[in-house]
Every structure is written in structure tokens, then in C-alpha cells.
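Work through the following exercises with the sequence and the coordinates at hand. Try each task before reading its solution.

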Amino acid sequence: MTVAVLGYVLLVSAMTPAEPRQRPPLRVGILHSQTGRLAHLERPLADATLMAIDEINARGGLLGREVVPVQVDGASRGRTFAQATRKLLSGGAVRTIFGGYASAARRSMIPVVERYDGLLFYPAVYEGGETSHRVVYTGATPNQYITPAIQWFLDNGARSFHLVGSDYIYPRVSLALVRSQLASCGARVVGEDYLEPDTEKVSAVVRRIRGAEPDVIVSALAGATNGPFFTALRGDADGRRIPTLNLVSDEWELRSAEAQRKAGAYVAGDFVAANYFESLPDAANRRFVREYKRRYGARRVSDTIAAAYAGVHLWAHAVRSAQDAAPEAVLRAVRGASLAAPGGTVYADRQNRHLWKRARVGRIRLDGRVEPVWSSEAVIRPAPYSPYRSKQEWDALVRYLYHGWGARWERPPGGRLLPQESRPGAP
């Protein structure tokens with residue numbers, strides 16, 4: 001009898017399904033600066049990314065797997081971003097990275113992402129003049145925010161412009177585009193100045209701007225330069241107030257404690273070119289802002305924060321569609337995908353993996369908030385290469401700057417100022 005019972009038990013055990021195995025987690029990289037001069041701008045991007053991952057996991061994860069973030073510090077240096085990208089991708093456990101902010105970081109990361117067949121979701125607006133088959137760009141191309149904002153000023157009677165920017169790849173290429181756009185319609189550039197990154201030596205530039213008396217200042221100044229610049233421009237000026245269009249500073253940066261302390265009310269009334277503002281009334285945005293503030297406090301929400309959040313959900317949508325998290329499958333599935341993102345539905349272009357977006361211009365209020373004053377009637381198709389110059393000319397300009405700075409993406413401390421207009425043989 002004992003043998004018979006034992007045989008029955010073994011038979012039942014063989015027929016009973018085993019407990020389902022827990023599938024291994026799906027690891028993704030989060031690569032933003034936690035230290036260095038850009039940390040205060042990039043930590044909120046990491047927070048938005050983590051918030052989106054938590055939302056995905058609360059709904060059961062992806063493909064029966066928990067999404068597990070692996071965070072690495074880019075330390076506000078392009079070279080460190082490249083090294084961190086290699087560290088994340090070389091082991092094979094991470095295939096997708098959400099990160100990058102400054103153009104120097106993105107341009108340093110891309111060759112590594114391509115070498116290791118990884119995938120990068122990049123959240124910031126950028127200068128264009130670039131495409132990569134391994135990047136999904138959830139920020140805007142210049143034709144989706146710079147070009148429409150300049151046109152808005154032209155439509156409102158502006159005819160003379162002074163261009164000023166920090167001396168690195170984003171302002172140089174962005175303001176070259178502005179210069180070409182203005183030349184095409186007969187408007188004048190009455191001055192153009194570039195300052196070393198984060199310098200506070202702004203007095204000579206401010207004197208030139210006041211002397212030129214442009215209708216508009218187009219600013220691509222970044223970081224610590226903004227406070228001294230606007231304080232000098234507005235602090236003791238008796239003449240008319242020249243409006244400024246900001247191409248770099250977004251809502252989070254403009255409202256930061258440092259910006260308020262250094263520039264205070266001096267930026268109130270100025271304008272910002274963007275695709276998203278916290279005050280947009282759609283339901284998806286209200287939910288996003290409410291949850292973000294519940295988690296992280298009263299900090300403001302910016303265009304780039306919203307794009308970082310949307311990028312994670314776009315990736316998750318593509319993973320579900322493909323039933324596969326491999327970069328190649330995600331890149332196929334993301335083409336033509338749409339997503340109800342904060343600020344409106346976005347669409348992923350089938351050719352260049354950038355998002356179709358609506359252009360907006362906002363005015364900075366005295367309390368630091370930005371209120372929309374203009375929006376494009378429809379979403380705009382992304383164009384990484386502006387039609388104001390050929391692709392070959394844009395590529396030549398980027399090479400000229402990179403090699404002129406000694407194989408860097410910004411002018412090194414004490415480095416020579418390259419000409420505003422290119423030397424012979426460059427665009």
C-alpha cells in the first residue's frame with residue numbers, strides 16, 4: 001500500500017503545474033548629472049523618469065517583468081557621460097538609456113550607443129544638425145521652437161536682432177540658424193556675441209547691445225551667465241526695455257532660487273520659445289503636474305521634464321507593441337507611434353524618430369511662471385536639418401566648431417574665440 005500511495009503522489013506531482021517562475025527584471029539606464037554645474041537642472045529629469053517607471057510598474061511592469069532603473073551620474077561633463085554610457089551598455093544587462101541634457105553630453109554619448117547597439121531616449125530641445133539611428137529624440141528640433149518663435153517676432157514688427165550666447169555647440173548652431181532665417185527675410189542682425197560658458201564677464205556685451213538698440217535680443221546664454229547678464233542689462237538701464245527671447249532657459253531654470261536671486265524681476269516680461277508650459281490646461285498635463293508635485297514638492301515643471309517623462313511612456317508603448325524590449329524591436333515599433341503626453345498628443349516621425357510637436361511662445365511673469373502667448377495651429381513635423389542651409393553646410397559648421405575647440409563641444413576655459421562667421425571653406 002505504501003508503494004501505491006507513493007506512486008500516486010509522484011503522479012499527481014508530475015501533473016501539477018509548477019509555480020510560475022519570476023521573470024528577470026528589465027533593467028534600463030538613467031544617465032543624468034547628479035553632481036556638477038548642471039545637476040540642479042538634470043536631477044528633475046531623473047525624477048520624472050523614475051516617476052514614469054513607477055507608474056509602469058504599478059500597472060504590472062512590461063512583458064511580465066519589473067522595470068528596474070540603474071542610475072549613473074554624468075557629473076555635468078561630456079566625457080563622463082560617454083564613459084558612463086559605455087559602463088551601462090558594455091555588460092549587456094542594460095540596452096536602453098534615458099538621459100543626456102546638454103548637447104555636449106548627447107554628442108558624446110551617441111558614438112558609444114551606436115557602437116554597443118544600444119538605444120537612447122534624449123529629452124531636451126537641441127540645435128539640430130544631427131540624426132542617429134539609435135536615438136529617439138523626445139525634445140524638439142529647431143523648426144519646432146526656434147524658427148516659429150523668431151517668425152512670431154517678425155510678424156509682430158521686429159526687424160533688428162542682437163544675438164548672444166554661451167560659447168558651446170548648442171548656441172553656436174542655434175544662432176547660426178537664426179542668422180540664416182533673418183537673412184532670408186531681410187531682417188538685420190545688429191550684433192552677435194559669445195561668452196565662455198558660465199562666465200560672469202558680461203559688461204562689454206551689455207554695452208554693445210545698448211548701443212545697437214535692437215528690437216529683440218535672442219539669448220542662448222546658459223547657466224551662471226544668465227544672472228549677471230540680466231542684472232547688468234536691466235539693473236541700471238534708463239533707456240527702453242529691449243525684449244529678450246530665451247532659447248536655453250526653461251521654466252524650471254527661470255524659477256530656480258539662483259535665477260530669482262541673481263536676476264529677480266529683470267527677466268519678467270521676456271519670452272521663452274518652447275513646446276510645453278506647466279500651465280497648459282489639458283487633462284493629461286493636469287494629472288502629470290499634480291502627481292509630479294505630490295512626489296517632489298512645489299518645484300516647477302518644465303518642457304524638458306515633461307519630455308523626459310513622456311519618453312519613458314513612449315518606450316513602454318513600443319515595448320508592448322513589439323512584445324520585445326530589444327532596441328531593434330523598439331526602434332521599429334516606435335515609428336509612427338502616438339502618445340497622449342502632457343501638453344497634447346505627440347507623434348513619433350517614421351523617418352527620423354523625433355516627435356511631432358506644437359510650437360509655443362510664452363511670457364515670463366513677475367512670479368516666475370510662464371504664460372503662453374502664442375501656439376502653432378497644428379503640430380509641426382520635426383526637421384533635424386534646417387532648410388536655411390544644406391546638410392553638408394550644417395555638418396561642416398559642426399566639424400569646424402568641434403575641431404576649433406580642440407576636439408571639444410564647447411570653448412575650453414581661456415580658449416580662443418572662434419569667428420562668428422566661418423572661415424573660408426566652412427559654411
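The exercises below concern a predicted model.

**Exercise 1. The parallel sheet**

Task: Determine the order of the strands in the 5-stranded open sheet, and find which strands lie at its edges.

Solution.
- Step 1. Reading across the open sheet, the strands come in the order S2-S1-S3-S4-S5, with parallel pairing.
- Step 2. Strand S2 (67-73) and strand S5 (135-137) each pair on one side only, which marks them as the edge strands.
- Step 3. From one strand to the next, the twist averages 25°.
- Step 4. Strand S1 (residues 26-32) is joined to S2 by 7 bridges. To fix the register of this pair, note that Arg-27 is opposite Val-68 in S2.

**Exercise 2. Helices across the sheet**

Task: State which strands helices H2 and H3 lie across, and give the angle of each helix to S1.

Solution.
- Step 1. Helix H2 (residues 39-58) lies across S1, S2 and strand S3 (96-99), and its angle to S1 is about 165°.
- Step 2. Helix H3 (residues 78-90) lies across S1, S2 and S3 as well, at about 175° to S1.
- Step 3. Angles here run from 0 to 180 degrees between N-to-C directions, so both helices run roughly opposite to S1.

**Exercise 3. The rings around Trp-152**

Task: Classify the pairs that Trp-152 makes with Phe-153 and with Phe-271.

Solution.
- Step 1. A pair of aromatic rings is described by the distance of the centres and the angle of the planes.
- Step 2. For Trp-152 and Phe-153 the centres are 5.1 Å apart and the planes are at 85°. Planes over 60 degrees apart count as edge-to-face, and this pair is therefore edge-to-face.
- Step 3. For Trp-152 and Phe-271 the distance between centres is 5.5 Å and the angle between planes is 55°, so this pair is tilted.
- Step 4. The second pair links distant parts of the chain: Trp-152 belongs to helix H5 (residues 146-155) and Phe-271 to strand S10 (residues 271-274), 119 residues apart.
- Step 5. Buried means under 20% relative accessible area. Trp-152 has 16% and is buried; Phe-153, at 6%, is buried; Phe-271, at 7%, is buried too.
- Step 6. The structure holds 12 aromatic pairs. Elsewhere, one aromatic cluster is formed by Phe-288, Tyr-292, Tyr-296 and Tyr-309.

**Exercise 4. Arginine over a ring**

Task: Identify the rings whose faces are covered by Arg-106 and by Arg-389.

Solution.
- Step 1. Arg-106 lies over the face of Tyr-122, 5.0 Å from the ring centre.
- Step 2. Arg-389 lies over the face of Trp-394, also at 5.0 Å from the ring centre.

**Exercise 5. A hairpin and its side chains**

Task: Describe the connection between S11 and S12, and sort the side chains of strand S11 by face.

Solution.
- Step 1. Strand S11 (residues 338-341) and strand S12 (residues 344-348) run antiparallel and are joined by 4 bridges. Ala-340 is opposite Thr-345 in S12.
- Step 2. The two strands form a hairpin with 2 residues between them, and Gly-343 in the turn has a positive phi of about 95°.
- Step 3. In a regular strand the side chains alternate between the two faces of the sheet.
- Step 4. In S11, Leu-339 and Ala-341 point to one face and are buried, whereas Ser-338 and Ala-340 point to the other face and are not buried.

**Exercise 6. Salt bridges**

Task: For the salt bridges Arg-37 to Glu-410, Arg-107 to Glu-127 and Glu-278 to Lys-293, find which parts of the chain are tied together, and decide whether each partner is buried or partly exposed.

Solution.
- Step 1. The N to O distance between Arg-37 and Glu-410 is 3.4 Å. Arg-37 is in the loop between S1 and H2 and Glu-410 in the segment after helix H14 (391-404), so the bridge ties parts 373 residues apart in sequence. Both are partly exposed, Arg-37 at 41% and Glu-410 at 26%.
- Step 2. Arg-107 and Glu-127 have their closest N and O atoms 2.9 Å apart. Arg-107 lies in helix H4 (residues 103-115) and Glu-127 in the loop between strand S4 (119-122) and S5, 20 residues apart in sequence. Arg-107 is buried at 10%, and Glu-127 is buried at 2%.
- Step 3. Glu-278 and Lys-293 meet at 2.9 Å, N to O. Glu-278 is in the loop between S10 and helix H11 (283-296), and Lys-293 is in helix H11. Glu-278 is buried at 9%, while Lys-293 is partly exposed at 22%.
- Step 4. The count comes to 21 salt bridges. Arg-95, Asp-117, Arg-134 and Glu-328 are linked in a network of them.

Terms used: Residues numbered from 1 in each chain as written. Predicted model: local features only at pLDDT ≥ 70, side-chain atom pairs only at ≥ 80, totals over all residues. Heavy atoms only, no water. Pairing = 2+ DSSP bridges. Contact = heavy atoms within 4.5 Å. Phe/Tyr/Trp six-rings, centres within 6.5 Å; stacked < 30°, edge-to-face > 60°. Buried < 20%, exposed > 50% of the residue type's maximum accessible area, 1.4 Å probe, protein only. Lys NZ or Arg CZ within 6 Å of the ring centre and 35° of its normal. Salt bridge = Lys/Arg side-chain N within 4 Å of Asp/Glu carboxyl O.
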